[in-house]
Amino acid sequence: MTFRSFSKRKVWQETNRFVYILCAVVCVLIPLSLRTVLPNEAELEIDVKSWVTSEDSHSLTSRHTLTGSQFNQSYNGFQYKCQPSICSRQENVVFIKTHKTGGTTVQSIMYRYGYIRDLSFVIRRTNEKNGHFRHMELTKDSPKKMFLPLLDTGTCSFRGYNMSAIHVVHNWEIFESFMNPGTKYITILRDPVFQLRSAFVFFSLYKGVRGITIENKLLNYMRGNSWKWQVYGKNSQSKDLGLKTEYFEDEAKIKLFINQLDIELDLVLIHEYFDESVVLLARELCWNLEDVVFTIENNRSNHKPNLDSELLDSIRKFNHADVLLYDHFNQTFWKRIEQQGPMFWRDLEEFRKLQNKTMYKCFNSSTIPEDYVSGHNISDYCDRYTGGLYLFKNVYKRQHKTC
């Protein structure tokens with residue numbers, strides 16, 4: 001090594017050391033100054049309402065102001081991750097829609113956000129109803145053969161999509177071949193016990209199964225073999241995320257599968273903590289809180305059925321892969337929230353106010369009236385917050401063209 005190359009390396013090392021020290025000082029001094037201004041948590045009052053762009057936050061704008069969700073320092077003696085105060089909106093997102101997990105609500109959020117910003121969605125060309133692929137296998141040739149082309153490119157282009165919010169089996173490598181660079185990957189999971197019961201009823205898996213009650217039928221269903229020929233039964237969440245049926249009983253393969261998802265997925269939402277999930281989603285994507293306000297879709301009941309211990313244990317054994325998957329990402333979900341710092345809870349409180357305000361503005365109620373039909377009454381503003389299929393039809397119509 002020459003003296004000159006050694007000197008350059010030395011200068012580079014000293015420069016890196018200086019930058020590191022400077023960053024450390026900044027991350028220490030800012031929280032100290034915050035503690036001077038905000039001596040305790042009770043005095044932490046941030047007017048988040050003053051930061052949203054307008055009452056209708058979905059107006060076309062490129063300006064993104066600092067919100068509480070990006071204010072992520074430390075105070076009261078607890079250290080949190082130091083990150084930039086300004087972030088950039090993420091508009092390239094794959095949402096892997098799992099079955100009977102609350103995914104339609106997240107899908108509606110994605111369609112609403114993308115539609116008003118003229119983003120291009122992955123949609124199955126021959127499925128005008130909902131655009132789903134479900135368990136059809138995608139390949140790198142699928143876009144040209146099966147997708148709607150990109151929106152307004154002047155030509156029929158099938159590379160560089162912004163968003164996907166449909167039922168399709170997760171395959172990160174294939175998605176990377178046709179999505180925009182830097183795409184975020186997100187999904188949602190639900191407690192496997194109640195997800196299976198919901199799917200059992202919704203997809204009529206009980207037909208032909210012995211039993212008087214749904215619970216009796218479900219127990220006999222798991223004891224039999226009919227599930228082997230059905231798509232939406234055993235371990236369906238793991239199946240949606242790419243686990244092969246032949247690995248359902250292979251503990252080592254399941255753990256490798258979960259570890260791989262840990263690498264590929266940027267965020268996993270949890271159905272049972274939906275409000276917390278969408279606030280975390282807004283933070284991950286650098287969206288405003290109003291961007292993730294929702295109304296509930298496909299919500300058959302807020303009441304969880306009482307299941308006896310025998311049925312609970314049977315479902316957890318039957319859905320073993322889904323249980324391992326859910327338990328893992330439920331733990332990482334709460335670790336992720338803990339890392340956000342105290343401003344996460346301020347964001348959550350503000351989000352719930354915005355949610356309630358939107359519901360009463362549109363429906364004068366905390367729930368959607370039974371006679372409400374998206375696109376036929378109230379206003380365009382309110383229709384944005386309801387009807388995933390209504391929003392989808394608008395997306396499909398605008399993106400559809402003959403190639």
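**Exercise 1. In this predicted model, determine what share of the contacts between residues at least 6 apart in sequence join residues at least 24 apart, and describe the chain as a whole.**

Solution. Begin with the contacts in the protein chain between residues at least 6 apart in sequence, of which 72% join residues at least 24 apart. Next, turn to secondary structure, where the chain has 14 helices and 4 strands. Then consider burial and surface: buried residues make up 48% of the 403 residues, while the chain exposes about 20700 Å², with carbon and sulfur atoms supplying 52% of that area.

**Exercise 2. Work out the order in which the 4 strands form the open sheet, and which strands stand at its edges.**

Solution. The order is 2-1-3-4, the sheet is open, and the pairing is parallel. Strand 2 (163-164) and strand 4 each have a single partner strand, so one side of each is left without a neighbour in the sheet, and these two strands stand at the edges. To examine one pairing in detail, take strand 3 (residues 184-189) and strand 4, which run parallel and are joined by 4 bridges. Within this pairing, I186 has L267 of strand 4 as its bridge partner, and I188 stands opposite L269 in strand 4.

**Exercise 3. Decide whether the two faces of strand 4 (residues 267-270) are covered or open, and identify helices that lie across this strand.**

Solution. Start from the general pattern that side chains in a regular strand alternate between the two faces of the sheet. In strand 4, L267 and L269 are on one side and V268 and I270 on the other, and because all four are buried, which here requires a relative accessible area under 20%, both faces are covered. Now look at the helices: helix 9 (residues 274-285) lies across strand 1, strand 3 and strand 4, and runs at about 160° to strand 4. Helix 11 (residues 320-340) lies across strand 3 and strand 4, with an angle of about 100° to strand 4.

**Exercise 4. Locate the largest nonpolar core and list what F178 touches.**

Solution. The largest nonpolar core has 77 residues, and those with the most contacts inside it are M110, F147 and F178. Taking F178 and leaving aside residues up to four places away in sequence, one finds that it touches V122, L138, P143, F147, F158, R159, G160 and Y161. A second, separate core of 15 residues includes V193, L219, Y221 and L311.

**Exercise 5. Classify Q90 as buried or exposed, and describe its surroundings.**

Solution. Q90 is found in the loop between helix 1 (3-37) and strand 1 (93-96). Its relative accessibility is 14%, and therefore Q90 counts as buried. A polar atom of the Q90 side chain lies 3.3 Å from the backbone oxygen of G182. Not counting residues up to four places away in sequence, Q90 touches G182, K184, L285 and W287.

**Exercise 6. Describe the phi values of S204 and C286, and state how far each residue is buried.**

Solution. Recall that most residues other than glycine have a negative phi. S204, in the loop between helix 5 (192-202) and helix 6 (214-223), has a positive phi near 55°; its relative accessible area of 24% makes it partly exposed. C286, in the loop between helix 9 and helix 10 (309-318), has a positive phi near 60°, and with a relative accessible area of 2% C286 is buried.

Notes: Residues numbered from 1 in each chain as written. Predicted model: local features only at pLDDT ≥ 70, side-chain atom pairs only at ≥ 80, totals over all residues. Heavy atoms only, no water. Core = buried A, V, L, I, M, F, W, Y, C linked by side-chain atoms within 4.5 Å. Buried < 20%, exposed > 50% of the residue type's maximum accessible area, 1.4 Å probe, protein only. Contact = heavy atoms within 4.5 Å. Areas by Shrake-Rupley, 256 points an atom, 1.4 Å probe, with all protein chains shown as cover. Polar contact = N/O pair within 3.5 Å; in protein donor to acceptor, adjacent residues only side chain to side chain. Pairing = 2+ DSSP bridges. Axes fitted to C-alpha atoms, helices over the stretch in contact; angles between N-to-C directions.
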